[in-house]
Amino acid sequence: MMRTHFPFDLSNQELEELGASLIGVLETHFHADFVSGHYELHKRFNVPVYFGPGAGERAKFPLVELKDGTEVALSLRYSFTVLHTPGHTPESICYLLVDKERDSTPLKLFTGDTLFIGSCGRPDLVGSLGHTAEGMAQLMFDSLNRLKGLPGNVQVGSSVYGGIAMTTNSSVCRCSLPMERGLPVGRT
């Protein structure tokens, strides 16, 4: 199950109906513009909260820091590979879904606020943490170039507040795409 915002109504009953159990909360970065609910889920379900490198310095709650290249097992077949993509925030990470039965073939990338359709996360919002907009913009540039290097068939899931919009990697950083939620967009 993947949700882009805090599931205020998530309950044990809903999980049971899905035949699932909540085993952790994966965050892409600290959110200053909405409540993601990670701490509430941590308390309600007694599960760990995962963030990118350096996040522990900002947290006022227990978390697990994921390093670049860390594998997060989802099942026997699928896992996420963590990609550290600083720029929007210092701890920003993306999750690359890979198929372990097909030689760890990358399938989808979940970018959080690193990458949007036609845009990217703002680099100027962490000045209070001692980072300059220029320095963060350089990190964002490097991170976006890293994402451009992924295979062209990788679908990119961009957080667009209310759903995951999918596109293919061939269009990353090259053009402005329609802002329709959930729309698979082919190569451009």
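Visitor: Why is Arg122 called partly exposed?

Guide: This is a predicted model, so its values are computed from that. Arg122 has a relative accessible area of 48%. Partly exposed is the band between under 20% and over 50%, so Arg122 is called partly exposed.

Visitor: What makes Arg122 and Asp124 a salt bridge?

Guide: Their closest N and O atoms are 2.8 Å apart. The cut-off is a Lys or Arg side-chain nitrogen within 4 Å of a carboxyl oxygen of Asp or Glu, so the pair counts. Asp124 is partly exposed, at 38% relative accessibility. The structure holds six salt bridges.

Visitor: How do you know that Arg77 and Glu101 form a salt bridge too?

Guide: Here the closest N and O atoms are 3.6 Å apart, and the limit is 4 Å, so this pair also qualifies. Arg77 sits in the loop between strand 4 and strand 5, and Glu101 in the loop between strand 6 and strand 7, so the salt bridge ties together parts that are 24 residues apart in sequence.

Visitor: Which of the words buried, partly exposed and exposed fits Glu101, and which fits Arg77?

Guide: Glu101 has 57% relative accessibility, and exposed means over 50%, so Glu101 is exposed. Arg77 has a relative accessible area of 29%, so that one is partly exposed.

Visitor: Why is Asp99 called buried?

Guide: Asp99 shows 1% relative accessibility. Buried means under 20%, so Asp99 is buried. Its side chain still meets that of Arg102 in a salt bridge, at 3.2 Å from N to O. Arg102 itself is partly exposed, with a relative accessible area of 43%.

Visitor: What makes strand 6 mostly covered?

Guide: Seven of its seven residues are buried. On one side there are Ile93, Tyr95, Leu97 and Asp99, and on the other Cys94, Leu96 and Val98. In a regular strand the side chains alternate between the two faces of the sheet.

Visitor: How do you know that strand 6 pairs with strand 5 and with strand 7?

Guide: Pairing takes at least two bridges. Strand 5 and strand 6 have seven, in the antiparallel sense, with Phe80 partnered by Leu97. Strand 6 and strand 7 have five, also antiparallel, so both pairs pass the cut-off. Leu96 has Leu109 as its partner in strand 7, and Asp99 stands opposite Thr105. Strand 6 and strand 7 form a hairpin with five residues between them, and Asp103 in that turn has a positive phi of about 55°.

Visitor: What makes strand 1 and strand 3 edge strands?

Guide: They belong to an open sheet of three strands, in the order 1-2-3 with parallel pairing. Strand 1 and strand 3 each pair on one side only. Strand 2 is joined to strand 3 by two bridges, and the minimum is two, so they count as a pair. Tyr50 has Val64 as its bridge partner in strand 3.

Visitor: How do you know where the buried residues of helix 2 lie around the axis?

Guide: Those residues are His38, Leu41, His42 and Phe45. They cover an arc of only 105° around the axis, so they are on the same side of helix 2. What covers them includes helix 1, strand 1 and strand 2.

Visitor: Why is Pro48 called partly exposed?

Guide: Pro48 is found in the loop between helix 2 and strand 2. At 29% relative accessibility, Pro48 falls between the cut-offs of 20% and 50%, so the label fits. Leaving aside neighbours within four places in sequence, Pro48 is in contact with Ile23, Gly24, Val25 and Val64.

How values were computed: Residues are numbered from 1 along each chain as its sequence is written. This is a predicted model: local features need pLDDT of at least 70, side-chain atom pairs count only at pLDDT 80 or more; totals for chains, interfaces and linings use all residues. Side-chain values use heavy atoms; hydrogens and water are left out. Buried means under 20% relative accessible area, exposed over 50%, partly exposed in between (1.4 Å probe, protein chains only). Helices (H or I, at least four residues) and strands (E, at least two) are DSSP runs, numbered from the N terminus. The arc is that of the directions from the helix axis to the C-beta atoms. Contact means heavy atoms within 4.5 Å.
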